[in-house]
Amino acid sequence: MSRPVISEQAASGEDLRAIDEVFAEIQAGVSEFDAGRVGARFTANASFTTPAGQRFDGWEAINAHHRRQLANPVEGFRTHIALERVTFPAPDIAVVFVRQNAATAAGDFANAGTWVLVKQDGSWWVQAVHNTNVATTA
């Protein structure tokens, strides 16, 4: 049995810029400890899985989680989200692979994430997120 190859749609520069802006807004929200800004581009029925495996379904639950996390930031917290790869399995669907590097007073860590974005009425929205911790090497 041969494995199927999902053909990818060509990405427009406009779509890539818009997706980059979604992540810039999320990163700015995290950096400013602003849960509303973090969740501004999540759909009402989005799902978000944390690196610890907690899943939050729906914007309200995701926003409540981010409000709790950002209300008491870890000392010296800084983060950067880098888009590593963006694929388009369909014209209005983007799968975005990211790496989030973070630093705190206690040390550095990283998460790898897979994000599914959908284009609705000309705007890109976050539909699903799955994050996982990046193992450190000895």
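Here are four short exercises on this predicted model, each with a worked solution.

Residues count from 1 along each chain as its sequence is written. Since the model is predicted, local features need pLDDT of at least 70 and side-chain atom pairs pLDDT 80 or more, while totals for chains, interfaces and linings use all residues, and side-chain values rest on heavy atoms, leaving out hydrogens and water.

**Exercise 1. Work out the strand order of the sheet and find its edge strands.**

Start with the ground rules: helices (H or I, at least four residues) and strands (E, at least two) are DSSP runs, numbered from the N terminus. Two strands pair if DSSP finds at least two bridges between them.
- Reading across, the six strands go 2-1-6-5-4-3, in an open sheet with mixed pairing.
- Strand 2 (55-57) and strand 3 (78-90) pair on one side only, which puts them at the edges.
- From one strand to the next, the twist averages 20°; the axes here are lines fitted to C-alpha atoms (for helices, over the stretch in contact), with angles from 0 to 180 degrees between N-to-C directions.

**Exercise 2. Trace the pairing from strand 3 through strand 4 to strand 5.**

- Take strand 3 and strand 4 (residues 93-104) to begin with: they're antiparallel, over 10 bridges, and a two-residue hairpin links them.
- Now match up residues. Ile81 has Gln100 as its bridge partner, Leu83 sits opposite Val98, and Arg85 faces Phe97.
- Move on to strand 4 and strand 5, also antiparallel, with 12 bridges. Here too, two residues lie between the strands of the hairpin, and Ala102 is opposite Phe109.

**Exercise 3. Place helix 1 and helix 3 against the strands.**

Count a contact when heavy atoms come within 4.5 Å.
- Helix 1 (residues 13-31) packs on the sheet and touches strand 1 (42-49), strand 3, strand 4, strand 5 (107-120) and strand 6 (123-133). Its direction makes about 150° with that of strand 3.
- Helix 3 (residues 59-71) lies across strand 1 and strand 2, at about 55° to strand 1.

**Exercise 4. Describe the largest pocket, then the aromatic pair that includes Phe77.**

A pocket is an open set of points on a 1 Å grid over the protein atoms alone, where a 1.4 Å probe fits, with protein on both sides within 12 Å along at least five of seven lines; lining residues have an atom within 4 Å of a point.
- The lining has 27 residues, with His65, Gln69, Phe77, Gln100 and Asn111 nearest the centre.
- Helix 3 gives the most, four residues.
- Now the pair. Rings of Phe, Tyr and Trp (its six-membered ring) pair if their centres lie within 6.5 Å; planes under 30 degrees apart are stacked, over 60 edge-to-face, the rest tilted. That rule gives five pairs.
- Phe33 and Phe77 make a tilted one, 6.5 Å centre to centre and 50° between the planes.
- Phe33 is in the loop between helix 1 and helix 2 (35-38) and Phe77 in the loop between helix 3 and strand 3, so the pair ties together parts 44 residues apart in sequence.
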